[in-house]
Amino acid sequence: MNLFNSVSSLESLKREDGRGMLEYTFPAEITGLIEQNWRKMGNPYLRLVNCKRWIAGNVVDGVIACVRNSLLDFMLKIDSEFGNITEIEELKTKRKEIATIMNQTIINTTGDGIIVNTGEKAKINANINITKGSKDELSNRLRESGVKEEDIAELVEIIDDEEPNFVNNTFGQKVNTWTQKMLGKALDGSWNIGIGAAGSLVAEVVKAYYGM
């Protein structure tokens, strides 16, 4: 489960929750997707009201401990590099060096196209660079994002079987079916990625392949 709360909110949440379990309610569009898939599996009259995911409350303890350890490593590294700096203005002159240290200690990401965004209400855009029609680059980009080989092979096999709709900016039925399957894997945890990130990644990678 992705936790987007601040550390103070997580600490408060842990104190207030006496059941030892935390729950997350899926958005309506995800609930609708699950309902649609279940209906296709043989229950056309199914009505899914809501869906929730539960995790043990001690997961929050682990998150908070991880944040504290990372911040401690960050501050120790700052101290070893620059000494006892107490003035904010002096720290501002070393933004590039501090950003590098932050990437090494707090923000641990790998792979091309990985984006980290900080700051309130900040916006980010990712450019996924894939040569139009290059199945090797398509496969590599999905592989870097944790997609399993059998799922990559399935997409590579079907992606040229149908033409996308460039006017409406939509994919063909086979690619849409594959996309829904990947969103389902993001939901059940078999693809270790957030549901929002999964949808954006798949859409942008396929669009780049088609040159849309």
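These legends describe close-up views of a predicted model.

**View 1. The whole chain and its order of elements.**
The chain has nine helices and two strands. Read from the N terminus, the elements run α-β-α-β-α-α-α-α-α-α-α. The chain holds 212 residues, of which 30% count as buried. Its exposed area is about 14200 Å². Carbon and sulfur atoms supply 50% of that area. Among contacts with a separation of 6 or more, 62% join residues 24 or more positions apart.

**View 2. Met-1, in the segment before α1.**
Met-1 lies in the segment that precedes α1 (7–16). Its relative accessible area is 34%. Met-1 is partly exposed, because that value falls between the 20% limit for buried and the 50% limit for exposed. Leaving aside neighbours within four places in sequence, Met-1 contacts Tyr-24, Arg-53 and Ile-55. Met-1 and Arg-53 stand 52 residues apart along the chain. Their C-alpha atoms are separated by 8.1 Å.

**View 3. Val-63 in helix α3.**
Helix α3 spans residues 58–82 and includes Val-63. With a relative accessible area of 28%, Val-63 is partly exposed. Two residues touch Val-63 once those up to four places away in sequence are not counted: Leu-3 and Leu-10. Leu-10 and Val-63 are 53 residues apart in sequence. From C-alpha to C-alpha, the pair is 8.7 Å apart in space.

**View 4. Helix α2 against helix α8.**
Helix α2 covers residues 28–40, and helix α8 covers residues 173–188. The two pack at an angle of about 115°. Their axes are 11 Å apart. The crossing of α2 past α8 is left-handed. On the α2 side, the contact uses Ile-30, Leu-33, Ile-34, Gln-36, Asn-37 and Lys-40. On the α8 side, it uses Gln-180, Leu-183 and Leu-187. By class, this contact has five nonpolar, three polar and one charged residues.

**View 5. Helix α6 against helix α7.**
Helix α6 (residues 135–144) meets helix α7 (residues 149–158) with axes that come within 10 Å. The axes cross at roughly 150°. Angles over 145 degrees count as roughly antiparallel, so α6 is roughly antiparallel to α7. This crossing is right-handed. Helix α6 brings Lys-135, Leu-138, Ser-139, Leu-142 and Arg-143 to the contact. Helix α7 brings Glu-149, Ile-152, Leu-155 and Val-156. The classes are five nonpolar, one polar and three charged residues.

**View 6. Helix α7 against helix α8.**
The axes of α7 and α8 come within 10 Å. They cross at roughly 165°. That angle is over 145 degrees, so α7 and α8 are roughly antiparallel to each other. The crossing of α7 and α8 is left-handed. From α7, the contact takes Asp-151, Glu-154, Leu-155 and Ile-158. From α8, it takes Lys-174, Val-175, Trp-178, Lys-181, Met-182 and Lys-185. By class, there are five nonpolar, no polar and five charged residues in the contact of α7 with α8. Leu-155 of α7 appears in this contact and also in the contact with α6.

Key
Residues numbered from 1 in each chain as written. Predicted model: local features only at pLDDT ≥ 70, side-chain atom pairs only at ≥ 80, totals over all residues. Heavy atoms only, no water. Axes fitted to C-alpha atoms, helices over the stretch in contact; angles between N-to-C directions. Helix = DSSP H or I, 4+ residues; strand = E, 2+ residues; numbered from the N terminus. Left-handed = near helix turned anticlockwise from the far one by under 90°. Contact = heavy atoms within 4.5 Å. Nonpolar A, V, L, I, M, F, W, Y, C, P; charged D, E, K, R; others polar. Buried < 20%, exposed > 50% of the residue type's maximum accessible area, 1.4 Å probe, protein only. Areas by Shrake-Rupley, 256 points an atom, 1.4 Å probe, with all protein chains shown as cover. Parallel < 35°, antiparallel > 145°, perpendicular 65-115°, else oblique.
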